[in-house]
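Trainee: I would like to learn how to read a protein model. Could you walk me through it?

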Amino acid sequence: MGEQAVPILMYHAVSAEPSDAARTLSVTPEAFAEQMAVVADLGLTPLGTAELASRWRDGRPLPARPVLITFDDGYEGVHRHALPVLAGHGFPATLFVSTGWLRGPSCTGGAPDTMLDWDQVRDLAAAGVEIGGHSHTHPQLDQLPDDALRRELIVCKEMVSDRLGAVPASFAYPYGYSSRRVREAVRETGYAQALAVGNGLARRRQGPYALHRVTVRRGTGAEEFQRLVEGRGITRTFARDLALTKGYALVRRARQVRRKAIRSRV
């Protein structure tokens, strides 16, 4: 019997009228409600990120037809639109927050749309949504020097811990970018597992710090969504994304090499 693969859905904004910056990676409230109805109708079993990783770590079996519902960044529509739908179905989910983007005195600016405030994050946590880390200011972590990288991870973790009274166990890489150095820093900061993007199904062999997700966006239609949660045609669906990702990875690695060379000469 082959290794069980799990679709981890990656959402961002849930909004009828998102900003231009958030539009492509947003879904309408109606689309989100319809997608969660599909999850229910298919008899899938949503899990939290920490629970999935814990079961894989301990060798415990997964429930029938598992799926994860995750949100990145911390958009206000997760509270306004997604939470009532999740609560109506009794579905757990995970929200990964960029703490510097959340509204309040610690906001650093730069958020692409209206974000949650900390009272709303607390409401989500009280409703059973797992709150994970997504850095403080949402940079490309693998492009940062060590001190800035660790500051992003530690500030995020400490802010979530202080505001919610619970240490976040899970992390998601901004833009999905990581490296061995970043993954090691995430582990050393105390996160037990981390999610990338990859636009593929998650498997235990990926390791707890590089689990793949599939992107749900404005253009994801009903048939495509059903294929995603059933794990069908993933490579074909994201073929163009994967090609662009590979090309951009080469550019980013070249930039990183140049930066290291410059620092070594200073």
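Mentor: Gladly! Keep in mind that this is a predicted model. Let's start with one pair of residues: Thr45 stands opposite Pro66 in β5.

Trainee: Which strand pairs with β5 over 3 bridges, and in which sense?

Mentor: That is β4, residues 45-47, and the pairing with β5 is parallel. Strand β1, residues 8-11, also runs parallel to β5, joined to β5 by 4 bridges. There, Met10 stands opposite Thr70 in β5.

Trainee: How many residues of β5 are buried?

Mentor: Strand β5 covers residues 66-73, and 8 of its 8 residues are buried. Now look at β9, residues 193-198, where 5 of 6 residues are buried. Strand β9 pairs with β8 in the parallel sense over 3 bridges, and one place to see this is Ser170, whose bridge partner in β9 is Gln193.

Trainee: Let's move on to helices. What span should helix α6 have, and how far apart are its end C-alpha atoms?

Mentor: Helix α6 has 19 residues, 146-164, and at 1.5 Å a residue it should span 27 Å; the end C-alpha atoms are 27 Å apart, which agrees. Just after α6 comes Gly165, which has a positive phi, near 70°.

Trainee: Which residues of α6 are buried?

Mentor: Here is a general idea to begin with: an α-helix has 3.6 residues a turn, so residues three or four places apart point the same way. In α6, the buried residues include Ala148, Leu149, Glu152, Leu153, Cys156 and Val160. Try finding them on the model.

Trainee: What covers the buried residues of α6?

Mentor: The cover includes strands β6 (94-97), β7 (130-133) and β8 (170-172), together with helices α5 (118-126) and α7 (180-189).

Trainee: And how do I read a pocket?

Mentor: Rolling a probe the size of a water molecule over the atoms shows where empty space is left. In this model, the second largest pocket holds about 150 Å³ of space. Among the residues lining that pocket are Glu3, Arg55, Trp56, Pro61 and Arg204.

Trainee: How many nonpolar, polar and charged residues are in that lining?

Mentor: The lining of the second largest pocket has 3 nonpolar, 2 polar and 4 charged residues.

Trainee: Can we finish with the whole chain?

Mentor: Of course. The protein chain has 10 helices and 10 strands, and buried residues make up 48% of its 266 residues. Among contacts between residues at least 6 apart in sequence, 64% join residues at least 24 apart.

Note on methods:
Residues numbered from 1 in each chain as written. Predicted model: local features only at pLDDT ≥ 70, side-chain atom pairs only at ≥ 80, totals over all residues. Heavy atoms only, no water. Helix = DSSP H or I, 4+ residues; strand = E, 2+ residues; numbered from the N terminus. Expected span 1.5 Å × (residues − 1). Buried < 20%, exposed > 50% of the residue type's maximum accessible area, 1.4 Å probe, protein only. Contact = heavy atoms within 4.5 Å. 1 Å grid on protein atoms, 1.4 Å probe; cavity = no way out; pocket = protein on both sides within 12 Å on 5 of 7 lines; lining within 4 Å. Points joined across faces, edges and corners; volume = space filled by probe spheres on them. Nonpolar A, V, L, I, M, F, W, Y, C, P; charged D, E, K, R; others polar. Pairing = 2+ DSSP bridges.
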